[in-house]
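Please open the model in your viewer and keep the selection panel at hand. The tour proceeds from the whole chain to a single sheet.

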Amino acid sequence: MAELEAVIGLEIHVQLATKTKMFCGCELSFGDEPNVHTCPVCLAHPGVLPVPNEQAILYALQIAAALECEVAPRSIFHRKNYFYPDNPKAYQISQYDIPLASNGRLGEIRIHRAHLEEDAAKMIHVGESGRIHGSGASLVDFNRGGTPLVEIVTEPDLRGAAEAAEWARLLRETVRQLGVSDVNMEEGSLRVDANVSVRPAGSEELGTKTELKNMNSFRFLQRGVEAELERQRELIAAGGTVEQETLHFDPQSGSLTSLRSKEEAHDYRYFPEPDLVPLAPTEEMLRDAREALPELPAVRIERYVGDGLARDVATVLATDPETADYFERAATAASGVEAKTVAIWVTGELAAALRQADSETGAAGSKVSPESLAALVALVQGKKISHGSGKTVLAALVAEGGDPAAIVEREGLAGMSSEDGELESIVAAAVEANPEAAEQIKAGNGKAIGAIVGAVMRETKGRADGGEVTRLIRSQLGL
Ligand SMILES: [Zn+2]
């Protein structure tokens with residue numbers, strides 16, 4: 001049988017970090033006492049009217065701009081009807097056939113649509129559930145009810161669980177850098193659903209999809225999608241067919257349970273919200289949204305790759321704007337050193353040195369200025385000091401800041417060049433002191449050189465350059 005490829009689309013709900021709710025003036029806050037942020041509008045008393053939150057619309061337009069979407073000149077709010085205790089109106093105000101934004105992209109993945117809606121209230125289940133006369137009960141906290149949401153729906157362009165999780169991270173970082181949401185997955189301000197199907201590799205048709213609901217971390221998203229892909233592949237291999245259903249992934253047990261099948265799927269009986277006029281952003285609003293965009297991670301990654309950085313290093317930097325700015329200052333200051341070398345020092349040696357020192361700050365908040373890191377990298381690259389000495393100087397910079405050249409001087413770390421003969425005589429002594437290793441090297445055992453290199457490094461306290469030492473040993477052995 002042909003290999004089955006994964007076809008994955010994501011639906012992401014982003015809570016907007018506005019001061020007030022989508023259609024009323026109630027304050028938004030997380031973790032307050034239940035039901036203190038409510039009013040007749042968000043509790044759906046009779047006769048009240050919704051008033052759209054302008055800030056939420058401006059934030060949604062920024063998301064639309066960041067995702068390169070087309071914005072509808074007149075998008076429509078609809079009522080999505082369903083009956084459940086988290087929703088006092090018995091409908092959610094959402095958008096349906098004409099969403100605010102459509103046809104965008106982020107990186108390689110196309111965005112189908114992005115629309116505005118309001119969140120439901122929060123249900124809290126206590127005691128034993130599922131028993132009418134038991135101790136179980138469901139409580140409702142209406143503080144969250146009416147929070148502005150943007151729902152972002154991708155095209156089914158993702159081809160694997162890891163790719164889906166990585167892209168979702170990029171989306172979260174993009175939204176975070178816009179400053180329109182705190183994108184905290186644990187608190188539910190970013191929620192991810194995945195539509196998962198498989199099809200014979202090379203086919204253009206879509207298989208029957210299942211929907212994985214509400215994965216609250218990228219790791220669970222990846223594991224849930226992996227588990228569901230495996231289930232579908234095994235099912236098809238055994239001659240079965242995938243049924244359309246909604247699934248819950250339990251990260252503890254790794255199991256998938258069905259929440260509802262196609263037959264039980266809701267019919268939401270959408271109809272236009274009669275209490276709201278169409279949403280028609282002005283040219284000025286659209287222009288402001290575009291102009292307010294910072295340089296977004298996806299754009300930065302491509303710029304860095306263009307500058308010669310490896311894609312994974314570029315991604316690490318671009319998803320941390322403070323460190324990225326730090327890197328750019330260091331790269332500008334480092335004369336005669338390639339940007340990719342500076343990037344490796346920032347994401348590798350400096351990050352490790354900060355961890356080693358239990359530093360609570362990133363590179364940007366540390367005592368190592370971008371200019372001093374640049375000077376240090378130039379010393380190592382110019383072979384003025386060895387790489388090992390470079391790490392020693394970096395540890396000193398992390399602890400006390402300062403000028404790398406002065407630290408080299410103070411600690412006596414200046415490199416030993418072969419020109420003054422001192423290194424050559426130390427190498428000669430080390431070769432003589434390790435006759436067995438010398439014989440093994442001559443016999444073709446390349447690994448044996450480590451013993452002599454180690455001896456030289458101990459003698460020179462790491463000041464000698466490893467490559468230079470290796471070259472000298474081989475030359476003394478006549479190789
Ligand atoms: Zn309210």
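The domain bounds used on this tour come from an automatic or database domain assignment. The model itself is predicted.

**The domains.** Select residues 4-291, which make up domain 1. Next, colour domain 2 (297-411) and domain 3 (418-476) separately. How far apart do the C-alpha centres of domain 1 and domain 3 lie? The distance between these two centres is 63 Å.

**The sheet.** Now display strands 4, 3 and 14, which form an open sheet of 3 strands in the order 4-3-14, with antiparallel pairing. Strand 4 (91-95) and strand 14 (271-272) each have a single partner strand and stand at the edges, so one side of each has no neighbour in the sheet. In general, the strands of a sheet pair through backbone hydrogen bonds, in either a parallel or an antiparallel manner.

**Strand 3.** Select residues 77-81, which form strand 3. Is this strand mostly covered or mostly uncovered? Strand 3 is mostly covered, as 4 of its 5 residues are buried.

**The pairing with strand 4.** Keep strand 3 selected and add strand 4; the two are antiparallel and are paired over 5 bridges. Which residue of strand 4 is the bridge partner of Arg79? The partner is Ile93.

**The pairing with strand 14.** Finally, add strand 14, which runs antiparallel to strand 3 and is joined to it by 2 bridges. Select His78 and look for its bridge partner in strand 14, Pro272.

Methods: Residues numbered from 1 in each chain as written. Predicted model: local features only at pLDDT ≥ 70, side-chain atom pairs only at ≥ 80, totals over all residues. Pairing = 2+ DSSP bridges. Buried ≥ 20, exposed ≤ 12 C-beta atoms within 10 Å, placed from the backbone.
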